[in-house]
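Please work through the following exercises with the structure at hand. Each task is followed by a stepwise solution.

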Amino acid sequence: YAEFKRQEQAEISDRLASPIERYVPNADKKSYRDHLSICIENLHETMQRVEDEDVEKAVEILLKADTLYVTGGASATALAKYFALFAKYLRKNVIHLESDISTLAHNVSDLKKGDALLVISQYRSSSVSTNLAKLFHNNSCDVLLVSDRQASPISPYASRSLIVCGRSNYMFNSRAATLAMLEALIDLMIPHCEKTMKDKFTIMEQVFNDFDVYSH
């Protein structure tokens with residue numbers, strides 16, 4: 001318990017620190033192999049940390065939602081957009097919620113019980129993401145959190161949390177384990193979405209061809 005509290009306090013301290021505060025000038029030059037080694041360690045620790053049952057419940061949330069909303073602040077915006085793009089291949093009614101607060105109200109105006117929110121949170125949690133999680137929670141919607149922080153302010157609103165490892169010896173935390181977890185969730189959704197997926201691919205491939213989207 002004492003070790004858990006120490007790690008939790010360290011996470012809070014790290015979360016509030018900006019990347020520039022973590023920068024160490026004149027540090028020994030490192031190679032790309034050092035970074036990749038850290039990513040591999042993060043993946044191994046994530047495999048040890050995350051329970052199979054939590055992943056199964058997470059996939060259930062992603063599949064059963066009437067409308068699946070996906071959001072993330074700062075660097076997690078790109079990860080949220082990435083996940084939403086692939087989820088659209090598999091199931092209907094997937095909405096990527098940008099962190100633009102001027103349009104949030106419009107984009108969640110159809111929110112109802114039975115919908116779900118996937119929140120991707122990295123390093124310092126976005127207040128927009130936290131408030132969105134609270135909104136969905138208060139409207140009896142499932143909230144799935146994927147984060148690299150155990151002590152996330154989003155956690156109290158989450159139906160299920162997948163905590164990955166994002167350790168780094170550099171200025172920025174690693175997003176490798178987060179991306180790998182999102183890819184794993186997509187892979188686990190595929191067998192449950194075969195009919196919908198085939199119908200969607202037919203239409204999407206037609207659009208790709210009609211608009212000459214890809215070079216040959």
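**Exercise 1: Helix α3**

Compare the expected span of helix α3 (residues 32-49) with the distance between its end C-alpha atoms.

Solution. The expected span of a helix is 1.5 Å times one less than its number of residues. For the 18 residues of α3 this gives 26 Å, and the end C-alpha atoms are 26 Å apart, which agrees. Helices are DSSP runs (H or I, at least four residues) numbered from the N terminus. The model is predicted: local features need pLDDT of at least 70, side-chain atom pairs count only at pLDDT 80 or more, and totals for chains, interfaces and linings use all residues. Residues are numbered from 1 along each chain as its sequence is written, and side-chain values use heavy atoms, without hydrogens and water.

**Exercise 2: Two faces**

Determine which residues of α3 are buried and where they lie.

Solution. Step one: I38, C39, N42 and T46 are buried (under 20% relative accessible area, against over 50% for exposed, with a 1.4 Å probe and protein chains only). Step two: seen down the axis of α3, these residues fall within an arc of 100 degrees, so they line one face of the helix; the arc is taken from the directions from the helix axis to the C-beta atoms. Step three: the face turned away from the buried side carries the exposed residues R33, H44, M47 and Q48. Step four: the buried residues pack against α8 (176-189), with contact meaning heavy atoms within 4.5 Å.

**Exercise 3: Cysteines**

State how many disulfides the model contains.

Solution. With a disulfide defined as a pair of cysteine sulfur atoms within 2.5 Å, the count comes to 0. C141 counts as buried at 5% relative accessibility, and C193 counts as buried at 4%.

Notes: Helices (H or I, at least four residues) and strands (E, at least two) are DSSP runs, numbered from the N terminus.
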